[in-house]
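Me: Please take a close look at one part of this model: the place where its helices pack against one another. Keep it brisk, and go contact by contact.

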Amino acid sequence: MERKNLKPWMAVVFVLAFALDIFVLSGFLGMWFGVWGTLLHEIILAVLAVLLAALFRADLKRVFPFKWPRASKVAGTLILWLGTFLAAMAVTMLVSYFFPEEVLGASQGVQDIVVSVPVLLSLFLVALTPAICEEMAFRGGFLACLRGMKSKWAGILIVAAVFGAFHGSIWRFIPTAILGVALGYLLVETDNLFYSMLFHFVNNAVPVLLLGLLSFLPEQGGAGEMEAVQTAMSSHLPLFSVAVYMIYACGAPFLIYVGNYLIHRGQPGYEKGLFPREKKKTLLALLGVSAYILVIGVIMCIASFGAMMRYMMPY
């Protein structure tokens, strides 16, 4: 049987099928099976992607490309994740400063799963399963429909926007879409779903492990400390906390650049080292962007200290 490439119009079918699973079926599965409903919903998402690709007679090896990973690309993926994560966290903290209750409520469902089951099971449900199933669905089936477009960025951005919207909250849309852009770029540049899955897994595993560490604190501090942090965030997030993440984010441009270099190392245009003479303008641009972000963070720090001093001054 002749295998065909997926067409852009087919993306509509994928999106509608995914929306039915994410916004309708997942709710019923959660009511019927509790946390295991999350696992079933994710598996169904991947199965839908495979079935639709097969129904459209696509070459499944091209839609869901897997190859043996290379050490340099794995390292590049991890560094790219760190840079993207810092950028997304800075945006999240900035939004949280103005809308603390909404942002905290948007992530409450995931936190409930993490604290209700053992850490290893949380990693399986919240990190490993979504990394495999969501990448097969969004960077596999969905993005494959758009990879024939003239601009690779058109497909990457469309899938990232839908990926962010499908997380069900306007407060999670921007940071999730930022991560989605990096995930789509990884797939397009490496033609290997392994790296996108690794990026996705690490991104979801880090908060699970941090919450798991909190649960091992002494009884008087464990759950009580977590609840105290949530209460403080829901009332008001200190400007100093936002400033710290902005300062961290000044390293994001260089991390993203280094990660991008490592996933392309040895390919045409990347064989002359990390900062060849031909990319002097790129280096200056990175320095400029990093300096700009750093200055914003420092200004926020100064503003937060000024506000603190005014608050502590006697009347």
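Reply: Helices α9 and α13 run roughly parallel to each other, because angles under 35 degrees count as such and theirs is roughly 25°. This is a predicted model. Helix α9 covers residues 170-190 and helix α13 covers residues 252-264. Their axes come within 10 Å. The crossing of α9 past α13 is right-handed. On the α9 side, Tyr185, Leu186, Glu189 and Thr190 make the contact. On the α13 side, Asn260, Ile263 and His264 do so. By class, this contact of α9 with α13 holds three nonpolar, three polar and one charged residues.

Next comes α4 against α13. Helix α4 spans residues 71-98. The axes of α4 and α13 come within 7 Å and cross at roughly 160°. Angles over 145 degrees count as roughly antiparallel, so α4 is roughly antiparallel to α13. Here the crossing is left-handed. From α4, the contact draws on Ser72, Lys73, Ala75, Gly76, Thr77, Ile79, Leu80, Leu82, Gly83, Thr84, Leu86 and Ala87. From α13, it draws on Ala252, Leu255, Ile256, Val258, Gly259, Leu262 and Ile263. The contact of α4 with α13 counts twelve nonpolar, six polar and one charged residues. Ile263 of α13 is listed in the contact with α4, and also in the contact with α9.

The remaining pair is α4 and α9. These helices pack at an angle of about 165°, with their axes 9 Å apart. That makes α4 roughly antiparallel to α9. The crossing of α4 and α9 is right-handed. Thr77, Leu80, Thr84, Ala88, Val91, Thr92 and Val95 contribute from α4. Trp171, Ile174, Pro175, Ile178, Leu179, Ala182 and Leu186 contribute from α9. The contact of α4 with α9 divides into eleven nonpolar, three polar and no charged residues. Thr77, Leu80 and Thr84 of α4 take part here, and they take part in the contact with α13 too. Leu186 of α9 likewise appears in the contact with α4 and in the contact with α13.

Now zoom in on one residue of this packing. Isoleucine 178 lies in helix α9. Leaving aside residues up to four places away in sequence, isoleucine 178 touches Thr84, Ala88 and Val91. Those three residues belong to the α4 side of the contact with α9. Isoleucine 178 and alanine 87 are 91 residues apart in sequence, yet 8.2 Å apart in space, C-alpha to C-alpha. Ala87 itself is listed in the contact of α4 with α13. Isoleucine 178 has 26% relative accessibility, so it counts as partly exposed.

What follows helix α9 in the chain? The loop between α9 and α10 (193-215) holds aspartate 191. Aspartate 191 has a positive phi of about 50°, although it is not a glycine. With a relative accessible area of 26%, aspartate 191 is partly exposed. Thr190 of α9 takes part in the contact with α13.

A second positive phi sits elsewhere, at arginine 57. Its value is about 60°, and again the residue is not a glycine. Arginine 57 is found in the loop between α2 (35-55) and α3 (60-63). Its relative accessible area is 32%, so arginine 57 is partly exposed.

Terms used. Residues are numbered from 1 along each chain as its sequence is written. This is a predicted model: local features need pLDDT of at least 70, side-chain atom pairs count only at pLDDT 80 or more; totals for chains, interfaces and linings use all residues. Side-chain values use heavy atoms; hydrogens and water are left out. Axes are lines fitted to C-alpha atoms, for helices over the stretch in contact, and angles run from 0 to 180 degrees between N-to-C directions. Helices (H or I, at least four residues) and strands (E, at least two) are DSSP runs, numbered from the N terminus. Angles under 35 degrees count as roughly parallel, over 145 as roughly antiparallel, 65 to 115 as roughly perpendicular and the rest as oblique. A crossing is left-handed if the near helix is turned anticlockwise from the far one by less than a right angle, and right-handed if clockwise. Contact means heavy atoms within 4.5 Å. Ala, Val, Leu, Ile, Met, Phe, Trp, Tyr, Cys and Pro count as nonpolar, Asp, Glu, Lys and Arg as charged, and the others, Gly among them, as polar. Buried means under 20% relative accessible area, exposed over 50%, partly exposed in between (1.4 Å probe, protein chains only).
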